[in-house]
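Visitor: Please take me through the largest cavity in this structure. Which elements line the largest cavity, and how are they built into the fold?

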Amino acid sequence: MLSGTNVEYAHQYNKRIILEAIRQHDTISKAELSRKTGLTTQAIANIVERFIEAGVVEVRGKQSSRRGQPAHLLGLRATGGYSAGLHLDRDHLTGVLLNLSGTALARYHLEWNVPTPDEALPQLMIALDHLLTSGGLRQDQLWGVGISLPGPIETGTGRLMSPPNLAGWNGTTPRSWLEQRLSVPVYVETDSIAAAIGERWFGAGLTQPHLFYVFLGMGVGGGMLSDGQPFRGATGAAVMFGHLPAGTEGRRCPCGGTDCLETYLSIPAMLHDLTPDSGSPPSLHELDALAQSGDPRVLAWLDHAAARLATSIISAKALFDPEVVIIGSRWPATLIQALTERTVREVGQREPKIVAPTRIVPAALSDDAALGAATIALFNSVTPYTEVMMKVKERPTF
């Protein structure tokens, strides 16, 4: 059911448009804001004044001009907003506290092994308390808290829908659990969408509103941003990238399928494939050292993995037509770079010539799904999207 709009909602949308324009520039004048947004200089002046009073925007000197008075240059004030992000996976919980410029003020890390919801959820509050104490902030100073975790996650409710990599979590709602204990907004996304949002704000996708993120972790995820907005599908189960068919070896996947991409490219799959016949699994850093030394077994595995990944990326390009494909992981950066270079070659040789060549780059933020989760709160408070004109709920209000 569609809703109408009114002047109040349009005003909220215009505020987001202006904040987004300021965010994308180090400094910008009111006249430039007017040209870029199509809003009148008076509308710009009124909204910017409220942002300055709220401490979200600051004046950063003046722009020299040949004629008339020099224009004031505006920028986002780093201390004008804060958010916290928590990344919950089956083997760890990480957290980060961000300011509006994307600087990490505090971090948190806890190792575990597939915890139950009763074991893990209380740790979210412990992690958040640690971040706030370390960063010297109060809870009410946060714009919000973001949670990223393996999906799928049901759109609207935030309910986990039989996540293959979190056994025993079906039907749980970490967002609701945390909302009952906090006085600030709580947001939840899959780890791959959270990572995509982080890259869109602070990393390799800063100027690309149409991007596809490949997340290589304990599983393999895909996050698609279309015109800057997450693409989730009807229920929230869209872009199940790690469960695309990718081989014929009969590998069983936790999802119940066979030969899914993540049975070849997830961290457990990589460690399994590269474990010596007699011996314990290598660490990621050991594999990194072996790759840098030219170990033939590791390099052959990377070639094989790139061929699998290339097939899936070609499919994603045909379906979503992203401007850029970003590959991110908890792997060491040199391993990701090696995989990316091989994937670029594979895709270049095999993709259809009727479309523009696919641009594939390693993630600028590496594996920081917690940072992506923290970005969700900023993203939902600043980024313009048409739904804001059809909803009454708007936080924070400046």
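Guide: What follows starts at the cavity and then moves out to the two sheets. Keep in mind that this is a predicted model.

Start with the count. Searching the whole structure turns up 3 cavities of 30 Å³ or more. The largest has a volume of about 320 Å³. Its lining is made of 29 residues. Look for G151, D191, S192, V220 and G221, which lie nearest the centre of the largest cavity. The lining of this cavity is mixed in class: 13 residues are nonpolar, 12 are polar and 4 are charged.

Now the elements. Two or more lining residues come from each of α6 (191-202) and β10 (220-226). β10 gives the largest share of the lining, with 5 residues. Take these two elements in turn.

α6 lies across β4, β5, β7 and β8. Its direction makes about 105° with that of β8. These strands belong to an open sheet of 5 strands, ordered β6-β5-β4-β7-β8, with mixed pairing. At the edges are β6 (104-111) and β8 (186-190), each paired on one side only. From one strand to the next, the twist averages 15°. Follow the sheet to β6. Strand β5 (residues 92-99) and β6 run antiparallel and are joined by 7 bridges. To find one of the partnerships, go to T94, whose bridge partner in β6 is H109. Helix α4 (residues 117-135) also lies across part of this sheet: β4 (82-88), β5, β6 and β7 (142-149). α4 runs at about 150° to β6.

Go back to the cavity and take β10. This strand sits in another open sheet of 5 strands, in the order β11-β10-β9-β12-β13, again with mixed pairing. The edges are β11 (229-230) and β13 (360-362). Each has a single partner strand, so one side of each is left without a neighbour in the sheet. Strand β12 (residues 324-329) pairs with β13 in the parallel sense, over 3 bridges. Here V325 has I360 in β13 as its bridge partner. Helix α11 (residues 333-350) packs on this sheet and touches β9 (211-216), β12 and β13. The direction of α11 makes about 175° with that of β13.

Put the two routes together. The cavity lining draws on α6 and β10. α6 leads to the sheet it lies across, by way of β4, β5, β7 and β8. β10 is itself a strand in the sheet that runs from β11 to β13.

Definitions and conventions:
Residues numbered from 1 in each chain as written. Predicted model: local features only at pLDDT ≥ 70, side-chain atom pairs only at ≥ 80, totals over all residues. Heavy atoms only, no water. 1 Å grid on protein atoms, 1.4 Å probe; cavity = no way out; pocket = protein on both sides within 12 Å on 5 of 7 lines; lining within 4 Å. Points joined across faces, edges and corners; volume = space filled by probe spheres on them. Helix = DSSP H or I, 4+ residues; strand = E, 2+ residues; numbered from the N terminus. Nonpolar A, V, L, I, M, F, W, Y, C, P; charged D, E, K, R; others polar. Pairing = 2+ DSSP bridges. Axes fitted to C-alpha atoms, helices over the stretch in contact; angles between N-to-C directions. Contact = heavy atoms within 4.5 Å.
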